[in-house]
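Work through these exercises with the sequence and the model open side by side. Try each task before reading its solution.

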Amino acid sequence: MKAVMYGAGNIGRGFIGQLLYQSGYETSFVDVNPAVISQLNEQHSYPVRVLYQDTYEEQMVEKVCCVDGNNIDAVAQAIAEADVMATAVGVNILKFIIKPVTAGLRKRWEDPSKKPLNIIICENLIGADAYLKGAIAEQLNEEEKKLLDEKVGFVEASIGRMVPVQTPEMQGDNPLRVCVESYGILPVDKAAFKGEIPPIHNMVPFAPFEFYIQRKLFIHNMGHAFCAYLGNLLGCEYIWQAIENPYVELLVLRAMQQSAISLAEHHSLPYRELNDHVEDLVARFGNRQLGDTVKRVGN
């Protein structure tokens, strides 16, 4: 099985790329960073270091290569051969991948027997599926637009894994190393898939997906930001320092629980499950080894 991972940054390598390897895929990353491209093509592997409070576990991600995102023909060939694709390039970069992705789809459609391609969109943008599909559709003729509707799934994902800015100390002896927290669940929009849902480790297809989008925004992101704002007022450098303050912990916990109560009622779901998620987040915010800063999270 082959996968294309558009974006070889922290989420691309430190989360989605790892899940794809654990699922048995050979993954072609697409990136424009010359150093990352050459290193991935030389090593064909990289380490992911999972950080716990006082220890860590290092796992190797193998069977990888990297395509230069400026080489549209090479990108198109990789997309044409892929069984699944994902993006994690950042909201401001999405517009730059439209032409290469469109070229890849056109090349793919040259073979009518090709199965549908599902694109898992791992971007911090509500409505990223509609944006990406609409931008690609603008490049197509009417016949191609029909193929886009029939043979391409634009699948939103909710990224819950926290991956801090990678410092030279974290990278150590390998500049490709990515340090991450242990949380590794990938909720995706079940209703958006075309054809068979691709087998991906820890992927949770769910519908209606609005619930996971709102849970990420109003519980995780809100609680994380609230913790950062309070930490900034107290002069903390790191998120773990802020959440270790019992008053901050209480305020952040209660704020996230208020959102959990509202979401449970709105979606007719058990509050207990949402509260378990809230308490897990409070514990994850306290992970010292992540070194996540108040400034980064607050921004």
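Where is isoleucine 126 found? Isoleucine 126 is found in the loop between S7 and H5.

Some ground rules come next. This is a predicted model, in which local features need pLDDT of at least 70, side-chain atom pairs count only at pLDDT 80 or more, and totals for chains, interfaces and linings use all residues. Residues are numbered from 1 along each chain as its sequence is written, and side-chain values use heavy atoms, with hydrogens and water left out. Helices (H or I, at least four residues) and strands (E, at least two) are DSSP runs, numbered from the N terminus.

**Exercise 1. Classify isoleucine 126 by accessibility, and find its surface patch.**

Step 1. Recall the classes: buried is under 20% relative accessible area, exposed is over 50%, and partly exposed lies in between (1.4 Å probe, protein chains only).

Step 2. Apply them. Isoleucine 126 has a relative accessible area of 60%, so it is exposed.

Step 3. Look for patch partners. Ile126, Leu217 and Phe218 make a nonpolar surface patch of about 280 Å². Patch residues have over 30% relative accessible area and no salt bridge; like charges are joined within 9 Å, and nonpolar side chains (Val, Leu, Ile, Met, Phe, Trp, Tyr) within 5 Å. The areas come from the Shrake-Rupley method with a 1.4 Å probe, and for residues only the protein chains shown count as cover.

**Exercise 2. Describe the strand pairings of S1 with S2 and of S3 with S4.**

Step 1. Set the criterion: two strands pair if DSSP finds at least two bridges between them.

Step 2. Take S1 (residues 2-6). S1 and S2 run parallel and are joined by 5 bridges. Methionine 5 stands opposite phenylalanine 29 in S2. Strand S2 (residues 26-31) is mostly covered, with 5 of its 6 residues buried.

Step 3. Take S3. S3 and S4 (residues 56-62) run antiparallel, with 7 bridges between them. A hairpin of 4 residues joins S3 to S4. Valine 48 has glutamine 59 in S4 as its bridge partner.

**Exercise 3. Trace the surroundings of arginine 49.**

Step 1. Locate the residue. Arginine 49 sits in strand S3 (residues 45-51).

Step 2. Check its cover. Arginine 49 has 17% relative accessibility, so it counts as buried.

Step 3. List its contacts (heavy atoms within 4.5 Å). Leaving out residues up to four places away in sequence, arginine 49 touches Tyr56, Glu57, Glu58, Arg177, Val178, Cys179 and Val180.

Step 4. Find its charged partner. A salt bridge is a side-chain nitrogen of Lys or Arg within 4 Å of a carboxyl oxygen of Asp or Glu. Arginine 49 makes one with glutamate 58, and the closest N and O atoms are 2.8 Å apart. Glutamate 58 counts as partly exposed because its relative accessibility is 33%.

**Exercise 4. Compare two salt bridges that involve helix H6.**

Step 1. Start from the total: the structure holds 11 salt bridges. Side chains of opposite charge can pair when their charged atoms come close.

Step 2. Examine glutamate 144. Glutamate 144 forms a salt bridge with arginine 106, with the closest N and O atoms 2.8 Å apart. This pair links distant parts of the chain: glutamate 144 is in helix H6, arginine 106 is in helix H4, and they are 38 residues apart. Glutamate 144 is buried at a relative accessible area of 15%, whereas arginine 106 is partly exposed at 35%.

Step 3. Examine glutamate 142. Its salt bridge is with lysine 145, and the closest N and O atoms are 3.5 Å apart. Glutamate 142 is exposed at a relative accessible area of 57%. Lysine 145 is partly exposed at 30%. The two are 3 residues apart in helix H6, so about one helical turn separates them.

Step 4. Look for a network. Salt bridges that share partners join Arg49, Glu58, Asp173 and Arg177 into one network.

**Exercise 5. Identify what covers the buried residues of H3 and H5.**

Step 1. Begin with helix H3 (residues 72-81). Its buried residues are Val75, Ala76, Ala78, Ile79 and Ala80. Their cover includes S1, S2, strand S5 (64-68), strand S6 (84-87), H4 and S7.

Step 2. Move to helix H5 (residues 128-137). Here Ala128, Leu132, Ala135, Ile136 and Ala137 are buried. They pack against helix H4 (98-109), strand S7 (117-121), helix H6 (142-151) and strand S8 (152-156).
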